[in-house]
Amino acid sequence: MHDSSNLDTEKSDASNPTALTIDNRAIGAITLLTLVNLFNYIDRFIIAALFPDIERELGISHFQSGLLATAFILVYALTSPVFGWGGDRGVRTRWIGVGVAIWSVATALAGFAKNFATIFAARATVGVGEAAYATISPALLSDLVPKSKRGRAMAVFFLAIPVGSALGYILGGVLGSRFGWRHSFFIVGAPGLLLALLLWFMRDPERGRFDDKDELKKTPLAQTYKELLHNRTYLWTVAGYIAYTFAIGGLANWMPSYIRVTFNLSAERGMLIFGGITVVTGILGTLLGGAIGDLLQARSPNGYAWLNIVAMVIGAGLAFSALTATTQIDFLWRLALGELFIFANTGPVNAQIVNTVRPSIRATASATAILAIHVLGDAISPPLIGAVADKSNLAQAMLIVPACFLLAGILWFGTYQRTTKQKISS
């Protein structure tokens with residue numbers, strides 16, 4: 001059984017003189033990866049802002065709109081293990097570049113959709129491209145920075161989640177109102193082709209650059225999965241991530257429509273409000289969470305786990321409070337504060353995933369986590385919430401979101417307990 005979450009981080013970093021600083025090449029690579037991740041989330045969530053217009057023109061229901069999110073997520077999750085295997089063995093930057101090119105073309109193709117089947121196929125293909133990028137990038141990032149700085153590096157990288165998602169909502173509202181939903185897909189899909197070209201020529205860093213060399217040995221795929229299944233810290237982290245992703249999927253896909261319906265706002269104004277809140281709270285929450293997580297982890301092997309638990313419990317309470325608010329102003333400040341805590345765990349939870357496994361299996365570990373969190377998480381929540389909304393109303397359906405945030409915090413407590421036991425036994 002291999003569970004490396006209790007490895008001595010400072011000892012590993014101190015043994016490598018390059019671990020003391022992050023060089024300019026690494027900064028440039030992190031910047032490019034973060035930029036690509038930004039467009040990743042713009043492409044992913046622009047459709048949420050366009051749901052009402054797509055539903056009206058193509059004649060589809062809330063449930064079918066939710067299935068458009070599921071189409072992307074399921075293909076994304078199911079093809080992730082393939083790219084994880086390739087990322088642990090091939091040139092990672094080129095695998096990523098191919099994936100970015102595929103998703104960019106697929107995003108643009110959605111603008112040509114004539115019915116539900118054709119837009120479903122286009123969004124499913126976006127998932128193929130993003131699987132290459134999302135599975136390999138965390139492993140590549142872990143070879144750009146030392147362990148003691150990975151929480152912050154992951155926070156910068158995953159800062160693209162709230163910012164890109166918010167820009168997706170904003171661009172969807174603005175571009176959709178001015179040019180129509182079809183042209184919105186054309187516009188946001190094009191920049192990815194340039195980013196794909198830059199990635200193709202980006203240098204792939206040395207694997208395990210900041211890790212113990214005896215952890216770099218290759219293992220057969222079956223042995224790799226057996227190792228992951230026996231890694232309890234990894235399993236508890238992924239379990240909580242499933243509940244978290246389920247909630248995020250519901251929040252991201254249906255909150256724009258909830259704001260428009262509940263407060264009777266135009267598409268453009270509703271997207272600007274929600275997008276603006278997500279940008280500000282996402283930046284602050286993600287960066288603060290990454291920095292605080294690194295500080296806590298330096299003092300205790302429970303640092304990341306403690307932050308994840310507390311942030312999720314508080315975030316869940318605030319999300320419930322926002323959804324039961326009776327005035328727009330109460331809703332907005334509660335939502336903003338809730339998102340601040342919800343985004344705080346982004347860097348720490350992903351740092352914990354890569355830190356708890358060996359360098360030679362990180363892409364596979366990330367791919368397995370992606371498969372689990374999406375197939376059991378946000379592949380299910382958008383159509384489920386849509387179906388509940390069709391039967392009752394969107395306000396009641398959205399209450400599923402805070403319940404799942406709370407569940408995430410409870411499951412992450414299993415990670416805390418496991419780490420504590422390891423510390424005591426050592």
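This section describes the fold, confidence, buried contacts, aromatic pairs and nonpolar surface of a predicted model.

The protein chain contains 19 helices and 0 strands. It has 426 residues, of which 61% count as buried. Its accessible surface comes to about 16300 Å². Carbon and sulfur atoms account for 69% of that area. Contacts were also sorted by separation along the chain. Among those between residues at least 6 apart in sequence, 87% join residues at least 24 apart.

Confidence was examined next. The mean pLDDT of the protein chain is 81. A value of 70 or more is reached by 89% of the residues. Residues 1-20 have pLDDT below 50. In the model, this stretch nevertheless has 44 contacts beyond near neighbours in sequence. The pLDDT is also below 50 over residues 418-426. That stretch has 13 contacts beyond near neighbours in sequence. Helix α19 spans residues 400-425.

Three buried residues illustrate contacts made across the sequence. Asn40 belongs to helix α2, which covers residues 24-58. Its relative accessible area is 1%, so Asn40 is buried. With residues up to four places away in sequence set aside, Asn40 touches Trp103, Glu130 and Tyr133. Trp103 falls within the residue range of helix α4 (92-109).

Ala243 lies in helix α11, which runs over residues 232-263. Ala243 is buried, because its relative accessible area of 6% is under the 20% cut-off. Outside its neighbours within four places in sequence, Ala243 is in contact with Cys404, Leu407, Ala408 and Leu411. These four partners fall within the 400-425 range of helix α19. Ala243 also has a C-alpha separation of 6.3 Å from Gly377. Along the chain, Ala243 and Gly377 are 134 residues apart.

Leu323 is in helix α13, which comprises residues 303-323. Leu323 has a relative accessible area of 9% and is therefore buried. Its contacts, not counting residues up to four places away in sequence, are with Met255, Tyr258, Met398, Leu399 and Pro402. Met255 and Tyr258 fall within the residue range of helix α11. Pro402 falls within that of helix α19. The C-alpha atoms of Leu323 and Pro402 are 8.9 Å apart in space. In sequence, Leu323 and Pro402 are 79 residues apart.

Aromatic rings were then considered. A pair of aromatic rings is described by the distance of the centres and the angle of the planes. A search of the whole structure finds 11 aromatic pairs. One of these pairs is formed by Trp181 and Phe185, with ring centres 6.1 Å apart. Their planes stand at 85 degrees, so the pair is edge-to-face. Trp181 and Phe185 both lie in helix α8, residues 181-189. They are 4 residues apart, which means a separation of about one helical turn. Trp181 is buried at 4% relative accessibility. Phe185 is buried too, at 0%.

Tyr244 and Trp412 form an aromatic pair with another geometry: the centres are 6.0 Å apart and the planes meet at 40 degrees. This pair is tilted. Tyr244 lies in helix α11 and Trp412 in helix α19, so the pair ties together parts that are 168 residues apart in sequence. Tyr244 and Trp412 are both buried. They also belong to an aromatic cluster with Tyr241 and Phe405. Tyr241 falls within the residue range of helix α11, and Phe405 within that of helix α19.

The surface carries a nonpolar patch of about 680 Å². Its residues are Val98, Ile102, Leu194, Leu197, Leu198, Trp200 and Phe201. Two elements, α4 (92-109) and α9 (191-200), each give two or more residues to the patch. Helix α9 gives the most, with 4 residues. Val98 is placed in helix α4. Its relative accessibility is 41%, so Val98 counts as partly exposed.

Note on methods. Residues are numbered from 1 along each chain as its sequence is written. This is a predicted model: local features need pLDDT of at least 70, side-chain atom pairs count only at pLDDT 80 or more; totals for chains, interfaces and linings use all residues. Side-chain values use heavy atoms; hydrogens and water are left out. Patches are made of residues with over 30% relative accessible area and no salt bridge: like charges are joined within 9 Å, nonpolar side chains (Val, Leu, Ile, Met, Phe, Trp, Tyr) within 5 Å. Accessible areas come from the Shrake-Rupley method with a 1.4 Å probe; for residues, only the protein chains shown count as cover. A salt bridge is a side-chain nitrogen of Lys or Arg within 4 Å of a carboxyl oxygen of Asp or Glu. Buried means under 20% relative accessible area, exposed over 50%, partly exposed in between (1.4 Å probe, protein chains only). Contact means heavy atoms within 4.5 Å. Rings of Phe, Tyr and Trp (its six-membered ring) pair if their centres lie within 6.5 Å; planes under 30 degrees apart count as stacked, over 60 as edge-to-face and the rest as tilted. pLDDT is the predictor's confidence in each residue, from 0 to 100.
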